[in-house]
Amino acid sequence: MSWTSVTFLALLTVLLALSLSPEADSAAVPGSGGTPKDPQGPMKRIFMKEADASNFFRKRTRRGSKSQDEINAEQRQILAADERKREFHEEKRNEFENYAEEENDEQDERTRESTEQWREFHYDGMHPPQEYNRHSI
């Protein structure tokens, strides 16, 4: 058998299986002769009546007053966004402070090592090292 006849036979089998399955009828679009019926079950919560749908966006105009629930919900969203921003900036500030402190510590260590090396190089042995001549405060 050639590949075209095999492909044709496979497509014919799939078409036959789809036409005989009960899911094909439920997925088909109903004809124009059918009457629209009210949705039942969970679909009733999703779809609204035509009269409600046309008035949905007309409930409140731009200048109309908001309900207290809407105002409270917006305030909660604003406060939550502010809290997230504050936490983010606080975390960034803490990271920078830790970085700056570590950099200062490393710089102090390099300076101390450099000073010790200078003192060792310039020490003449006549006087005690400079470190021990300091008065304790």
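## Exercises on a predicted helical model

Glu 109 has a relative accessible area of 33% and is therefore partly exposed, a class that lies between buried (under 20% relative accessible area) and exposed (over 50%), with a 1.4 Å probe and protein chains only. The model is predicted, so that local features need pLDDT of at least 70 and side-chain atom pairs count only at pLDDT 80 or more, while totals for chains, interfaces and linings use all residues. Residues are numbered from 1 along each chain as its sequence is written, and side-chain values use heavy atoms, without hydrogens and water.

**Exercise 1.** Find the salt-bridge partner of Glu 109 and describe where the two residues lie.

*Solution.* Begin with the criterion, which asks for a side-chain nitrogen of Lys or Arg within 4 Å of a carboxyl oxygen of Asp or Glu. Arg 112 meets it with Glu 109, since the closest N and O atoms are 2.6 Å apart. Next, place the pair: both residues belong to helix α5 and stand three residues apart, about one turn of the helix. Finally, Arg 112 is partly exposed, because its relative accessible area is 39%.

**Exercise 2.** Determine how many salt bridges the structure holds, and follow those that involve Glu 83 and Glu 74.

*Solution.* The structure holds six salt bridges. Glu 83 pairs with Arg 86 at 2.7 Å between the closest N and O atoms, and these two are separated by about one helical turn because they are three residues apart in helix α5. Glu 83 has a relative accessible area of 34% and Arg 86 one of 44%, so that each is partly exposed. The linkage then extends to Glu 90, which joins Glu 83 and Arg 86 in a network of salt bridges. Glu 74, for its part, meets Lys 66 in a salt bridge of 2.9 Å, N to O; Glu 74 is partly exposed at 33%, and Lys 66 is partly exposed at 36%.

**Exercise 3.** Identify the aromatic pair and classify its geometry.

*Solution.* A search of the whole structure finds one aromatic pair. This pair consists of Phe 96 and Tyr 99, with 6.4 Å from centre to centre and 40 degrees between the planes, and is tilted. The classification follows from the rule that rings of Phe, Tyr and Trp (its six-membered ring) pair if their centres lie within 6.5 Å, with planes under 30 degrees apart counted as stacked, over 60 as edge-to-face and the rest as tilted. Both residues lie in helix α5, three residues apart, and Phe 96 is exposed because its relative accessible area is 54%.

**Exercise 4.** Describe the surface patches formed by nonpolar and by negatively charged residues.

*Solution.* Patch members need over 30% relative accessible area and no salt bridge, like charges being joined within 9 Å and nonpolar side chains (Val, Leu, Ile, Met, Phe, Trp, Tyr) within 5 Å. The nonpolar patch comprises Phe 8, Leu 9, Leu 12 and Leu 15, with about 430 Å² of accessible area together. Leu 15 sits in helix α1 (residues 3-20) and is exposed at 55% relative accessibility. The patch of negative charge includes Glu 97, Glu 101 and Glu 103; Glu 103 lies in helix α5 (residues 68-122) and is partly exposed at 32%.

**Exercise 5.** State the helix and strand counts and the buried share.

*Solution.* The protein has six helices and zero strands, taken as DSSP runs (H or I, at least four residues, for helices; E, at least two, for strands) numbered from the N terminus. Of its 137 residues, 1% count as buried.

How values were computed:
Areas by Shrake-Rupley, 256 points an atom, 1.4 Å probe, with all protein chains shown as cover. Lys, Arg positive; Asp, Glu negative; His and termini not counted. Charge placed at Lys NZ, Arg CZ, Asp CG, Glu CD.
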